[in-house]
Amino acid sequence: MKIVVCVKQVPDTWSEKKLDPTTKTLDRDSVDGVMNELDEYAVEEALKIAEATSGEVTVLSMGPAQSTETIRKALSMGADAGIHILDDGLAGSDAIATSLAISKVLEGRGADLIIFGSESTDARMSVIPAMVAERLGVAQLTFANKVEAPGDGSVKIHRLTDYGYDVVEASTPAVISVVEKINEPRYPSFKGIMAAKKKPVETITLADAGIEAATVGLGAAWSEVAEFAAAPARAAGTIVTDEGNGGVKIADYLSEQKFI
Amino acid sequence: MAEILVLVDHVDGSVKKTALELLTLARSLGEPSAVFVGGGIDSAAATLAEYGAVNIYVADDAALTGHVVAPKAELLAQLVAEKSPAAVLITSSAEGKEIAGRLAVKAGSGVITDAVAVSADLVATQSIFGGSTIVQSKVTTGTPVITVRPNSTAPEAAPAAGARSDVSVALSPVATAAKIVDRVEEAKGARPELSEAAVVVSGGRGVGGPEGFEVIEKLADSLGAAVGASRAATDAGWYPHQYQVGQTGKTVSPQLYIANGISGAIQHRAGMQTSKTIIVVNKDPEAPIFELADYGVVGDLFEVVPQLTDEIGKRKA
């Protein structure tokens with residue numbers, strides 16, 4: 001089975017994220033990048049399926065030059081090869097353009113499964129897997145906390161819902177997104193880290209992928225940030241120390257605010 | 001007035017509060033038309049009309065609800081093409097955002113997710129980076145597709161005609177590629193859905209173990225609230241993972257959020273910072289969560305919380 005796992009390099013959760021005043025997009029230079037946490041589960045799931053079906057895993061990432069760190073991490077976990085969609089013209093792409101570029105690169109590569117994490121921790125839109133499924137015209141199996149892909153062309157997942165889960169079936173090719181806790185992502189071993197250095201990473205530009213420059217990047221975005229500002233600080237609240245009546249005091253406050 | 005399409009959240013015709021919120025918001029943008037997918041319109045129609053639906057488009061076809069996301073996006077794309085609405089509003093749930101994403105690609109429209117407000121000129125307000133930054137965004141191409149977070153608008157009745165018409169859609173083979181073969185409901189009792197609840201009571205590391213969550217649940221039940229948990233608590237296995245509030249869990253924006261024994265790491269704040277009123281109980285006066293508190297008590301949650309639960313019971317009696 002041919003599996004492509006899509007990963008994104010994002011700012012570390014603990015770093016302070018800022019918008020660039022000119023482009024009004026995330027200032028990626030001022031923060032440390034890491035592999036999007038939820039993508040670690042996607043890589044692990046891809047590796048598990050590949051191991052059980054004698055498949056191969058290609059890791060794909062779109063992003064600036066430093067995204068190679070995240071691609072190398074997936075390779076050191078065990079992925080076989082990498083694809084890096086790298087072009088200055090992609091900077092500032094919205095979800096519409098991002099899904100377009102990823103889909104264009106995936107077309108014709110014959111992937112049976114395309115696996116994503118269920119959201120990125122920076123943009124948090126959670127729409128790219130659905131958009132890529134739409135563009136590729138393949139089944140959408142998203143928000144999975146269980147995946148069965150035995151390699152016979154069938155794939156079945158448990159899709160998390162508000163009430164529990166749906167059991168969903170489809171034929172490959174399919175787009176999958178996985179949620180946190182579906183598995184326990186492995187740590188790269190020393191051997192894995194050394195081996196990753198020799199694994200092939202293909203760099204693809206807009207021209208290579210046949211993507212028109214006018215369809216991606218900040219200028220092509222179908223939505224725009226008109227303005228932004230730091231959130232107003234919350235007015236300082238009342239903090240009291242419990243002297244045996246803390247619960248009553250909160251109840252008083254809730255009564256004042258008409259919650260009870 | 002321009003038509004605004006609202007995708008209705010419901011369970012077998014029982015209309016969810018989020019749908020009433022969207023109808024209320026839609027009235028400030030134009031003329032709301034409810035899009036009702038699935039069975040149960042006879043029990044839903046009166047409520048939709050009461051909250052301002054001028055038209056109700058009904059698509060009751062098992063193929064629409066028996067497959068993942070794509071059929072609903074196709075239906076909405078067809079309605080966008082036929083009705084040329086000024087905007088499409090969808091609840092910002094996991095599925096709602098996916099429907100919006102596919103609809104945007106199909107309709108050639110820009111999409112904005114997780115709006116907490118939408119102005120009359122269709123500028124959406126979003127709270128990003130864990131609530132540290134507020135942005136105003138606008139769709140510049142196509143029919144704006146906007147998903148709106150639960151609890152962003154207070155539902156208000158404003159009766160309208162609620163004229164019903166049936167809509168049929170010829171689904172493409174792609175739309176039915178992912179078939180739902182079983183729905184499994186997990187017992188969650190009578191508590192409201194976490195991401196939509198008006199009140200959320202949550203517990204963190206300070207709860208100390210699974211048995212400690214009984215105290216949290218009792219307080220939640222006294223307020224008709226949903227229960228949430230911090231990542232520390234779910235990672236430790238004290239409470240099920242689906243109740244995790246935070247960056248990799250659910251984002252909540254209730255009227256009232258009560259954080260018990262939660263320190264307030266950025267991971268957690270990212271999921272609850274836009275709550276309207278925040279109450280904090282924590283024994284560590286230095287806990288960063290106190291920075292968000294409208295009212296905070298420095299103390300042992302096992303003393304403060306049961307006292308609060310009793311007091312609420314007395315005052316409601």
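A residue counts here as buried if 20 or more other C-beta atoms lie within 10 Å of its own, with C-beta atoms placed from the backbone. Keep that cut-off at hand for this walk through a predicted model.

**Stop 1: strand E1 of chain A**

Select residues 2-7 of chain A. This is strand E1, and five of its six residues are buried, so by that cut-off the strand is mostly covered. Now bring up the strands beside E1(A). Strand E4 of chain A, residues 56-62, runs parallel to E1(A) and is joined to it by six bridges. For a handle on that pairing, label A:Val5 and look across to A:Val59 in E4(A), which stands opposite. Then add strand E6 of chain A, residues 113-117: E6(A) is also parallel to E1(A), with three bridges between them. Here A:Val4 has A:Ile114 as its bridge partner. While you have side chains switched on, recall that in a regular strand they alternate between the two faces of the sheet.

**Stop 2: the whole sheet**

Zoom out and colour the strands in this order: E11(A), E5(A), E4(A), E1(A), E6(A), E10(A), E7(A), E8(A), E9(A) and E12(B). Together they form an open sheet of ten strands with mixed pairing. Which strands are at the edges? They are E11 of chain A, residues 201-204, and E12 of chain B, each of which pairs on one side only. On average, neighbouring strands in this sheet are turned by 30 degrees against each other, ignoring direction.

**Stop 3: where the sheet passes from chain A to chain B**

Select residues 154-160 of chain A, which is strand E8, along with E9(A). The two run antiparallel and are joined by seven bridges. A:Lys156 makes a good label here, with A:Glu169 in E9(A) as its bridge partner. Next, keep E9(A), residues 164-171, and show E12(B): they pair in the antiparallel sense over six bridges. Across the chain boundary, A:Gly164 stands opposite B:Glu185 in E12(B).

**Stop 4: the rest of the interface**

Select the residues of each chain that touch the other. You should find 71 residues of chain B in contact with 64 residues of chain A. Several elements of chain B each supply at least two residues to its side of this contact, among them helix H5 (94-107), strand E7 (111-118), strand E12 (179-185) and helix H9 (301-316). Colour the chain B side by class and you get 33 nonpolar, 21 polar and 17 charged residues.

Now go to helix H7 of chain A, residues 246-256. Its buried residues are A:Gly246, A:Gly247, A:Lys249, A:Ile250, A:Ala251, A:Tyr253 and A:Leu254. What do these buried residues pack against? Their partners are strand E13 (238-241) of chain A, together with E16, E17 and H9 of chain B. Just after H7(A), check the backbone of A:Lys258, where phi is positive, at about 65 degrees.

**Stop 5: B:Leu5**

Move to chain B and select B:Leu5, which sits in strand E1 of chain B, residues 3-7. Why is B:Leu5 classed as buried? Because 26 C-beta neighbours lie inside 10 Å of B:Leu5, and the cut-off is 20 or more. Leaving aside residues up to four places away in sequence, B:Leu5 touches B:Ser33, B:Val35, B:Leu76, B:Leu79, B:Pro85 and B:Val88. Try a distance label to B:Pro85: the two residues are 80 apart along the chain, with 6.5 Å between their C-alpha atoms.

**Stop 6: chain B and its domains**

Show chain B alone. Chain B has nine helices and 17 strands. Its radius of gyration is 21 Å, close to the 20 Å that the globule rule gives for 317 residues, so chain B is as compact as a globular protein of that length. Of those 317 residues, 61% count as buried.

Colour domain 1 (3-176) and domain 2 (194-316) of chain B separately. Their C-alpha centres lie 31 Å apart, and each domain gives twelve residues to the contact between them. On the domain 1 side, those residues are two nonpolar, seven polar and three charged.

**Stop 7: back to chain A**

Finish with chain A on its own, where there are seven helices and 13 strands. Its C-alpha trace spans about 65 × 45 × 40 Å along the principal axes. Buried residues make up 50% of the 260 in chain A. Of the chain A contacts with a separation of 6 or more, 71% are between residues 24 or more positions apart.

Note on methods. Residues are numbered from 1 along each chain as its sequence is written. Chains are lettered from A and ligands numbered from 1 in the order in which they are written. This is a predicted model: local features need pLDDT of at least 70, side-chain atom pairs count only at pLDDT 80 or more; totals for chains, interfaces and linings use all residues. Two residues are in contact if their C-beta atoms, placed from the backbone, lie within 7 Å. Helices (H or I, at least four residues) and strands (E, at least two) are DSSP runs, numbered from the N terminus. Ala, Val, Leu, Ile, Met, Phe, Trp, Tyr, Cys and Pro count as nonpolar, Asp, Glu, Lys and Arg as charged, and the others, Gly among them, as polar. Two strands pair if DSSP finds at least two bridges between them. Axes are lines fitted to C-alpha atoms, for helices over the stretch in contact, and angles run from 0 to 180 degrees between N-to-C directions. A residue is buried if 20 or more other C-beta atoms lie within 10 Å of its own, exposed if 12 or fewer, and partly exposed in between; C-beta atoms are placed from the backbone. The radius of gyration is taken over C-alpha atoms; the globule rule is 2.2 Å times the number of residues to the power 0.38. Domain bounds come from an automatic or database domain assignment.
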